[in-house]
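Let's take a walk through this model, starting with how far to trust it and then moving on to its rings, its odd backbone spots and its cysteines. Keep the structure open as you read.

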Amino acid sequence: MPSATEPPRPVLVQWILDTRSWYPEATQTKQLAIHASRALSLLPESERAGVLKYYHVRDAKMSLASALLKHLAVSKLAPVPWQSSTITRDGRTKPIFRDPTTGAQPVSFNVTHQAGLVALVAVAHYQPPTPESSPSSSPSPPSPASLPSSSETATPSPPPEDMLPASVETGIDLVCTSERRDRDHRILETEGWPAFVDMHADVFAPSEAYYLKYQILSAIPSLFPQSSNSGLTLSQINDGKLRAFYALWALREAYVKLTGEALLAEWLRELEFIRFRPPLPAPEGAIDGSLSSSSSDSEADSESSFLEDEGEQVIRKIEIKFRGRQVDDVNICLKSMGPDYMICTAVRTPERKEDGFGWRLGGFDVLKLEDVIDFAETH
């Protein structure tokens, strides 16, 4: 058992809130002020207003879940009283919690939402190594945000303190292949697949766009359902292509969010995911039935049998390059949840990359709204 003076061990959590069944009585956003009053009362006034500004009630519910998850992570992991779990933003506008006494960030977190689901990844109590304890090794590639552009020749000036890399960086993204399926299929049928990819080419590397347009069908046969019939339908082929497209979107978004940048980062097209592939769809209901939690590096061994059983529904071997250099310091995982959702989680510890690989990503706890509210009201 740790002594009273021993610092707490680093911990990683991965949580999901499913808002699709929340507050069915609320058919308009303004009605959440009544039906969701208990949950809304847990948020600061500015955050309550942010929830209620949405036109669609489904978006307002996801905004509420996002706020609750961030406060829960800070209050439970820092730990601090719920009312003290103030969320601010750093110099890149990434949401953070800064200890008002020490100025430190005891919890690094990131949140994503799509089609009713809201997910969070958080790491708490990670302490970077001291120079004396850090093993000598060749430096890993720095964060894209800290690298000069290829046209720069002068030494860049140091960034302000609130834009320095955190001791641990987290990123997460969630996609749903069916949310815009009808629209996507109409575009494919009228404009064609290459044109669809080109509509988004400004946020992909040229090699990724080419791979999607001309190589994806032969490179990933598992995209398409096995059938003993005469062949695949056009709809099945388009579904497979779109699954690959959204897998790449999740990979890139999680990585970019890890750096604290946005999808408009000037280096975006210099980031490449090599020969990426989506995980196979999980069975219906997997969101509630097959997810588990990986809360610390000490639990990796106990989880190994579960993770091996996941098979092709989870992908962890993902090759990344930035400006032609191999990126080997990001722990990244792309996982299916049910037949339509995919979630990508990324963690990096810039000062000692092996620490970031001590966590086994991909296991999520599906939380209940009532449990989150109960925790907030008693802490």
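Over residues 134-142, pLDDT (the predictor's confidence in each residue, from 0 to 100) stays under 50. The model has 15 contacts beyond four places in sequence for that stretch, a contact being heavy atoms within 4.5 Å. Residues 289-309 are also below 50, with 34 contacts beyond near neighbours in sequence. Where pLDDT is low, the predicted coordinates should not be read in detail. As for the protein chain overall, the average pLDDT is 85, and 80% of the residues score at least 70.

A word on the ground rules. This is a predicted model, so local features need pLDDT of at least 70 and side-chain atom pairs count only at pLDDT 80 or more, while totals for chains, interfaces and linings use all residues. Residues are numbered from 1 along each chain as its sequence is written, and side-chain values use heavy atoms, with hydrogens and water left out.

Now for the rings. A search of the whole structure turns up 12 aromatic pairs. Rings of Phe, Tyr and Trp (its six-membered ring) pair if their centres lie within 6.5 Å; planes under 30 degrees apart are stacked, over 60 edge-to-face, and the rest tilted. Take F196 and F245, an edge-to-face pair at 5.0 Å centre to centre with 65° between the planes. F196 sits in helix α6 (residues 193-198) and F245 in helix α8 (residues 234-259), so this pair ties together parts 49 residues apart in sequence. Helices (H or I, at least four residues) and strands (E, at least two) are DSSP runs, numbered from the N terminus. Both F196 and F245 are buried, meaning under 20% relative accessible area, where over 50% is exposed and in between is partly exposed (1.4 Å probe, protein chains only).

Helix α8 supplies a ring to another pair, too: Y255 lies in α8 and F273 in strand β7, so parts 18 residues apart in sequence are tied together. Their centres are 6.3 Å apart and their planes at 85°, so this pair is edge-to-face. Y255 and F273 are both buried. Back at F196 and F245, those two belong to one aromatic cluster with W193, F204, Y246 and W249.

Next, the backbone. Most residues other than glycine have a negative phi, and most peptide bonds are trans. The bond from A78 to P79, however, is cis, with omega near -20°, and P79 falls in the loop between α4 (57-77) and β2 (88-89). H125 has a positive phi, near 65°, in the loop between β5 (117-124) and β6 (169-176). R275 has a positive phi as well, near 45°, in the loop between β7 (271-274) and α9 (286-289). H125 is buried at 18% relative accessibility, whereas R275 is exposed at 59%.

Helix α4 also holds K61. What does a buried lysine without a salt bridge have around it? K61 touches T19, R20, W22, Y23 and L32, leaving aside residues up to four places away in sequence. The nearest side chain of opposite charge, D18, is 8.4 Å away, and a salt bridge needs a side-chain nitrogen of Lys or Arg within 4 Å of a carboxyl oxygen of Asp or Glu.

Finally, the cysteines: why are there zero disulfides? A disulfide is a pair of cysteine sulfur atoms within 2.5 Å. The sulfur of C333 is 7.3 Å from its closest cysteine sulfur, in C344, which is too far for a bond. C333 is buried at 1% relative accessible area, and C344 is buried at 0%.

Definitions and conventions. Lys and Arg count as positive and Asp and Glu as negative; His and the chain ends are not counted.
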